[in-house]
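Here are my comments on the coordinates you sent, set out as numbered points. They concern one pocket and one metal site, and each can be checked against the model as you read.

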Amino acid sequence: MQSISILGSTGSVGKSTLDVIARHPERYQVAALTAHSNHALLLEQCQKYTPKLAVMVSESAAEKLQHSLQELGLSHIQVNSGVDALTQAATLGDSVMSAIVGAAGLVPTLDAVKAGKRVMIANKEPLVMTGGLFMAEAKKSGATVLPIDSEHNAIFQCMPFDQSKQGVRKLHLTASGGPFLGRKWNDLSGITPEQACAHPNWSMGQKISVDSATMMNKGLELIEATALFDIAAESVDVIVHPQSIIHSMVEYTDGSFLAQLGSPDMRIPIAHALSWPERINSGAKTLDITEIARLDFQKPDMQNMPCLALARWAATEGGALPIALNASNEVAVSAFLSQAIGFTDIPLVIERTMNEVVGQDTTDLVSILNIDNESRALAQAAIDSLR
Ligand code: NAD
Ligand code: MG
């Protein structure tokens, strides 16, 4: 029996994880659940999965949750609040699913890595921010890191079994191209948050949906791949593949390409990581290859994908740039969602921020968090100047 803590259990990946867990009660039990402020959904999840610990970042939401649990006779479920309690949750089970969105997941996920846990990581932003440091900590503690992002999970599955990179020439990350594939970037200035969040193949949280529409998601994934697989940015290609059936590929020196295929359903990589190195039923629809009949591929049109171009720059340059890219993107996406800036303003905010910090060095977590903070302030200043 594996006990699992889920950071961000009320989100899209969190809910899919619980769906897979519910299919295998003989294998998995829930140790801890965490959410930002959705106490009504966390209450439902507590009733169904009876974790030892439930954490809400919001103190008032935690009080409401505790009150409801008492009324239902479930006061044996401990309720804690605040950011520090996320680390308590992250280190309680044998395994942790890191599914918080954004930089907020960094500290608890890194704490789980340092504690030597089995860490299933969907939350790509910490990997982008910390680069090699994250995997170096895992090496030190003996933690097992299993990627959940579908592309990285696909690459993990197509790598040599010992993850040695022996004979690996290149990684090919596939991208659906998002809802605006084929459109000119300059024609997208009037795009609304609703249009940007309507992804053709995947149903996801708001932030990653906007990132998919700007192609920043693929940019973050490019940096994520360099960190996870310790490979140079030049050896990671992006290919547009609108059907999202091939989730990524590994190219070997002998000319072989290994690809992982499946329905666009996050329960597949989640089930893979939960049961690795075994296999279990994920609940996902099986693929009918003859029904799909054809798969299309194209080179990304970099002229019309400014966010991907900025991420390629950050991935190649390293240092402060991936941190600035990630932080300013979070601030810009949140400003776009609240309609403070337009869709096409997002890369302008990011580029201005990156230009301010380029050349700064990062050596440890403290300097990473300093650049993250500085970049958020710079991005906010750029947003204010656009209004
Ligand atoms: P989501 O917005 O649906 O859910 C986010 C979760 O994090 C919620 O449970 C929320 O309560 C919690 N949360 C939000 N802000 C928080 C904060 N400041 N502190 C603590 N908790 C907070 O997001 P999602 O789509 O499930 O994505 C989660 C992560 O997984 C992201 O990093 C995303 O890039 C990555 N990812 C998601 C998908 C997908 O299909 N949704 C695929 C690949 C990778
Ligand atoms: Mg992905």
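1. The lining of the second largest pocket comprises, by class, 14 nonpolar, 4 polar and 4 charged residues. Please keep in mind throughout that this is a predicted model. The volume of this pocket comes to about 570 Å³, and of the 22 residues that line it, those closest to its centre are Met135, Val145, Gln163, Leu228 and Phe229.

2. As to which elements build this lining, two or more residues come from each of α7 (132-141), β7 (144-147) and α11 (216-229), and the largest contribution is that of α7, with 5 residues. Because domain 1 (2-147) and domain 2 (149-316) both give residues to the lining, the second largest pocket lies between the two domains.

3. The magnesium ion (ligand 2) has as its protein donors Asp149 (OD), Glu151 (OE) and Glu221 (OE), which lie 2.1 to 2.2 Å from the ion. Along the sequence these donor residues follow the spacing D-x1-E-x69-E, and distant parts of the chain are thereby linked, since Asp149 sits in the loop between β7 and α8 (150-158) whereas Glu221 belongs to helix α11, 72 residues apart.

4. Are the donors Asp149 and Glu221 buried or exposed? With buried taken as under 20% relative accessible area, Asp149 counts as buried because its relative accessibility is 7%, and Glu221 likewise counts as buried, at 1% relative accessibility.

5. Helix α11 deserves a place in both parts of the description, for this helix gives two or more residues to the lining of the second largest pocket and also holds the magnesium donor Glu221.

Methods: Residues numbered from 1 in each chain as written. Chains lettered and ligands numbered in written order. Predicted model: local features only at pLDDT ≥ 70, side-chain atom pairs only at ≥ 80, totals over all residues. Heavy atoms only, no water. 1 Å grid on protein atoms, 1.4 Å probe; cavity = no way out; pocket = protein on both sides within 12 Å on 5 of 7 lines; lining within 4 Å. Points joined across faces, edges and corners; volume = space filled by probe spheres on them. Helix = DSSP H or I, 4+ residues; strand = E, 2+ residues; numbered from the N terminus. Nonpolar A, V, L, I, M, F, W, Y, C, P; charged D, E, K, R; others polar. Domains from an automatic or database assignment. Donors = N, O, S within 2.8 Å, 3.2 Å for Na, K, Ca; no water. Buried < 20%, exposed > 50% of the residue type's maximum accessible area, 1.4 Å probe, protein only.
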